[in-house]
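Hi,

Here is the structure I said I'd pass on. Have a look at it first, and my notes on what turned up follow right below.

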Amino acid sequence: MTISPVDLLAIGPHPDDIEIGIGGIVAKQAALGHRLGLCDLTAGEMGSNGTVDERLAEAEAARDVLGAVWRVNLRLPDRAIGTSPDHQRAVASLVRSARPNVVAIPYWTDRHPDHVAASHLLTEGVFSAGLRRYTADGEAWKPESVCYYFINDMAVPSFVVDVSDHYETKRRALACHVTQFQASQPGAVATRLTSVRFRQLVESRDAQFGAVAGVAFAEGIVVKQPLVRAHLLDGRV
């Protein structure tokens, strides 16, 4: 698949992590006419349920639901993210090809070690993509900002995005990952994800962020650098 330039590039460790963390934001930005690209670092081959082919197909189905223009999988080794310098070069090459204004990556604290490793790798890879002397495919590219989203854990966000009108789309995108969220599949084993409590965990977090902001559902974002506004009323809806 050709990686064309996008406004927002969202990257997740496994094929369902983007949907869990910022499925609403992706759907909203696509509905607003922005070009979005999605990237999964691994095919989730170490997961308890689902084959690689099934997970790749589910990810593509979710992309279509969310409205992103493309989705790629770097096929880094699951449970070994960031263990080779080639992984950072792959991320840098991706960023240089996609040329996004904003990159969304996982928050650096999470119960899943792969998510923590992915956050570190992506932070390094995105930074390296902007260095003209860094060896990777493509010309140097530095996004305007890097945003961190929550998958399992949560913290005080820098800001939240109202995704109330697009929450049903997030639900439908999550539902595409049948092998991960439905224990009724043949040969499936019970996991944290197949429990109805996991979906409750995701929705309760988004509902909490929404309640604090006075809306039904919102997704939280953390940024390390201050966001500049021209004045105090800049960005007022």
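Let's start with the charged side chains: the count comes to 12 salt bridges. Keep in mind throughout that this is a predicted model.

One of those bridges joins Asp64 and Arg63, whose closest N and O atoms are 3.9 Å apart. Asp64 has a relative accessible area of 55%, so it is exposed. Arg63, on the other hand, is buried, because its relative accessible area is 13%.

Another one pairs Asp114 with Arg79, and here the closest N and O atoms are 2.6 Å apart. Asp114 belongs to helix H4, while Arg79 is in the loop between strand E3 (70-73) and helix H3 (85-98), so this bridge ties together parts that are 35 residues apart in sequence. Asp114 counts as buried at 2% relative accessibility, whereas Arg79 is partly exposed, with a relative accessible area of 46%.

Then have a look at Lys170 and Glu219, whose side chains meet in a salt bridge of 2.8 Å, N to O. Lys170 lies in helix H5 and Glu219 in strand E7, so the parts tied together are 49 residues apart in sequence. How accessible are the two partners? Lys170 is buried, with a relative accessible area of 1%, and Glu219 is buried too, with 0%. This pair is also part of something wider: salt bridges that share partners join Lys170, Arg205, Asp206 and Glu219 into one network.

Now for the strands. There is an open sheet of 7 strands in the order E3-E2-E1-E4-E5-E7-E6, and the pairing is mixed. Which strands stand at the edges? They are E3 and strand E6 (159-162); each has a single partner strand, so one side of each is left without a neighbour in the sheet. On average, neighbouring strands of this sheet are turned by 30° against each other, direction ignored.

If you want a spot to zoom in on, try strand E1 (residues 8-12) and strand E2 (residues 36-40), which pair in the parallel sense over 5 bridges. Within that stretch, Leu9 stands opposite Gly37 in E2.

Helix H2 (residues 52-66) lies across E2 and E3, and runs at about 155° to E3. Arg55 has its place in this helix H2. Is Arg55 buried or exposed? It counts as buried, because its relative accessibility is 3%. Leaving aside residues up to four places away in sequence, Arg55 touches His14, Pro15, Asp16, Ala43, Gly44, Asn49, Gly50, Thr179 and Gln180.

On to the aromatic rings, where the count comes to 6 aromatic pairs. Take Trp108 and Tyr148: their ring centres are 4.9 Å apart and their planes stand at 80°, so the pair is edge-to-face. It links distant parts of the chain, with Trp108 in the loop between strand E4 (102-106) and helix H4 (113-129) and Tyr148 in strand E5 (residues 145-149), 40 residues apart. Trp108 counts as partly exposed at 33% relative accessibility, but Tyr148 counts as buried at 3%.

A second pair worth pulling up is Tyr167 with Phe217, which is stacked: 3.9 Å centre to centre, with 10° between the planes. Tyr167 lies in helix H5 (residues 167-175) and Phe217 in the loop between helix H7 (196-213) and strand E7 (218-222), so the pair ties together parts that are 50 residues apart in sequence. Both Tyr167 and Phe217 are buried.

Back to Trp108 and Tyr148 for a moment. Together with Tyr107, Phe150 and Phe209, they form one aromatic cluster. Trp108 also has a charged residue over its face: Lys224 lies there, at 4.9 Å from the ring centre. There is a similar arrangement to look up at Phe181, where the charged end of Arg199 sits over the ring, 5.8 Å from its centre.

That's the tour. If you only open a few views, I'd go for the network of Lys170, Arg205, Asp206 and Glu219, the aromatic cluster that includes Trp108 and Tyr148, and the surroundings of Arg55, with His14 and Gln180 among its contacts.

Cheers

Conventions: Residues are numbered from 1 along each chain as its sequence is written. This is a predicted model: local features need pLDDT of at least 70, side-chain atom pairs count only at pLDDT 80 or more; totals for chains, interfaces and linings use all residues. Side-chain values use heavy atoms; hydrogens and water are left out. Rings of Phe, Tyr and Trp (its six-membered ring) pair if their centres lie within 6.5 Å; planes under 30 degrees apart count as stacked, over 60 as edge-to-face and the rest as tilted. Helices (H or I, at least four residues) and strands (E, at least two) are DSSP runs, numbered from the N terminus. Buried means under 20% relative accessible area, exposed over 50%, partly exposed in between (1.4 Å probe, protein chains only). A charge sits over a ring if NZ of Lys or CZ of Arg is within 6 Å of the ring centre and within 35 degrees of the ring normal. A salt bridge is a side-chain nitrogen of Lys or Arg within 4 Å of a carboxyl oxygen of Asp or Glu. Two strands pair if DSSP finds at least two bridges between them. Axes are lines fitted to C-alpha atoms, for helices over the stretch in contact, and angles run from 0 to 180 degrees between N-to-C directions. Contact means heavy atoms within 4.5 Å.
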